[in-house]
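Me: I want to go through the labels on this structure. Please set each value against its cut-off.

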Amino acid sequence: MPRPLRTLLNLATTLLLTFLGLLLVTFIIGRVVPIDPVLAIVGDRAPEHVVERVREELGLNRPLYEQFVIYVGNVVQGDLGYSVLTANPVLEDIKRVFPATLELATVATLFGVLLGVPMGVLAGVYAGRWPDQAIRVVGLLGYSIPVFWLGLMGLLLFYAKLDWVPGPGRLDVFYDGLVEPVTGVLLIDTAMAGEWEIFWNAASHVVLPASILGYFSLAYISRMTRSFMLEQLSQEYITTARVKGVPEWRVIWVHALGNVWVPLVTVIALSYANLLEGSVLTEIVFAWPGLGYYLTQSLLKADMNAVLGATMVVGAVFIGVNLLSDLLYKLLDPRAR
């Protein structure tokens with residue numbers, strides 16, 4: 001078998017097994033939690049015959065292996081069930097709320113990369129000196145401070161006291177619904193529609209929550225960049241470049257950082273995936289109508305179809321981002337091909 005075809009077959013097999021494992025985990029979660037999905041639908045005062053009829057319609061009276069086969073078949077067809085909370089198909093709800101989380105996580109990741117990478121480089125270059133110590137303290141605070149507390153303090157200072165940013169939500173109330181959603185990402189939709197006033201309003205709303213969320217990404221990326229830079233700056237090719245008289249800025253920002261980008265791609269990809277699924281508390285504090293907020297509300301209302309659907313989407317995002325990082329890794333490093 002040709003090598004490219006064999007590689008493609010191995011990749012497809014890995015993805016299939018990983019996705020099946022994800023489905024198995026979500027299925028088990030739905031069966032072990034102490035919530036009866038039938039009672040969540042009909043209510044705890046429904047007659048026994050109604051409960052049994054609904055249980056039979058949902059297939060919950062069948063053996064577990066049959067339930068799992070039915071569950072996999074429904075998911076493959078795009079059927080994640082109906083939400084008790086909204087009475088809509090769960091897939092439709094996720095399509096509606098996921099772009100908000102995508103927007104927030106993307107802006108936060110950009111914040112973390114644009115600041116975290118230079119900070120990590122400087123910390124590696126000045127290892128053991130005051131710039132390194134200051135950057136490490138900033139990173140340590142990013143790991144230590146609870147995100148919900150930092151979000152509340154940010155709202156108190158920048159919104160309530162200084163009035164530098166607007167309040168919670170994605171838009172001011174009087175702008176809501178004025179732009180037809182195309183991608184669901186407000187910054188893109190408003191720019192495509194040429195509604196620049198609404199665009200800047202959406203941008204002002206996303207700045208604070210994305211900065212709070214991006215701070216934790218910054219802490220992780222800067223720490224890993226510092227570690228990678230220390231490793232590269234100790235290599236012989238760096239010493240050779242300096243001996244040949246290559247300018248120091250070029251040694252650091254071209255030669256060393258050029259090799260750092262290879263492992264750093266995986267770090268950024270994992271950080272992005274973590275922000276996509278770890279923005280729950282940020283979305284709650286800022287009333288951001290994203291996947292995390294939807295998942296929390298569904299869990300509080302015992303809406304298990306929505307909870308399992310959102311959980312599966314988060315797992316699929318991790319699988320997709322890891323696959324993308326592997327492909328980028330091979331593009332950046334010929335040795336991995």
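Reply: What follows covers salt bridges, burial, pockets, a cavity and a surface patch.

Reply: The model is predicted, so local features need pLDDT of at least 70, side-chain atom pairs count only at pLDDT 80 or more, and totals for chains, interfaces and linings use all residues. Residues are numbered from 1 along each chain as its sequence is written, and side-chain values use heavy atoms, with hydrogens and water left out.

Me: Why is the contact of Arg 170 and Glu 103 called a salt bridge?

Reply: A salt bridge needs a side-chain nitrogen of Lys or Arg within 4 Å of a carboxyl oxygen of Asp or Glu. Arg 170 and Glu 103 have N to O at 2.8 Å. Therefore the pair qualifies. The two residues are 67 residues apart: Arg 170 is in the loop between α7 and α8 (186-193), and Glu 103 is in helix α5 (residues 90-125). Helices here are DSSP runs (H or I, at least four residues), numbered from the N terminus.

Me: What makes Arg 170 count as buried or exposed?

Reply: Buried means under 20% relative accessible area, exposed over 50%, and partly exposed in between (1.4 Å probe, protein chains only). Arg 170 has 13%, so Arg 170 is buried. Glu 103 has 5%, so Glu 103 is buried too.

Me: What about Asp 132 and Arg 226?

Reply: Their side chains meet in a salt bridge, with N to O at 2.8 Å. Asp 132 sits in helix α6 (residues 130-144) and Arg 226 in helix α9 (residues 196-233), 94 residues apart. Asp 132 is at 0%, so Asp 132 is buried. Arg 226 is at 18%, so Arg 226 is buried as well.

Me: Which label fits Arg 242 and its partner Glu 248?

Reply: Their closest N and O atoms are 2.8 Å apart, and they form a salt bridge. Arg 242 has 38% relative accessibility, so Arg 242 is partly exposed. Glu 248 has 37% and is partly exposed too. Elsewhere, salt bridges with shared partners join Asp 132, Arg 136 and Arg 226 into one network. The whole structure holds five salt bridges.

Me: What makes a space a cavity rather than a pocket?

Reply: On a 1 Å grid over the protein atoms alone, a cavity is a set of points where a 1.4 Å probe fits but cannot get out. A pocket is an open set with protein on both sides within 12 Å along at least five of seven lines. Lining residues have an atom within 4 Å of a point. The count is one cavity of 30 Å³ or more. Its lining includes Phe 98, Glu 277 and Val 317. The largest pocket has about 580 Å³. It is lined by 25 residues, with Leu 58, Tyr 71, Asn 74, Gly 81 and Asn 305 nearest its centre. The second largest pocket has about 430 Å³. Arg 170 is among the residues closest to the centre of this second pocket.

Me: Why is Leu 152 eligible for the nonpolar surface patch?

Reply: Patch residues need over 30% relative accessible area and no salt bridge; like charges are joined within 9 Å, nonpolar side chains (Val, Leu, Ile, Met, Phe, Trp, Tyr) within 5 Å. Leu 152 has 43%, so Leu 152 clears the area cut-off. The patch covers about 700 Å² (Shrake-Rupley method, 1.4 Å probe, only the protein chains shown counting as cover for residues). Leu 152 lies in helix α7. α7 gives the most to the patch, with five residues.

Note on methods:
Points joined across faces, edges and corners; volume = space filled by probe spheres on them.
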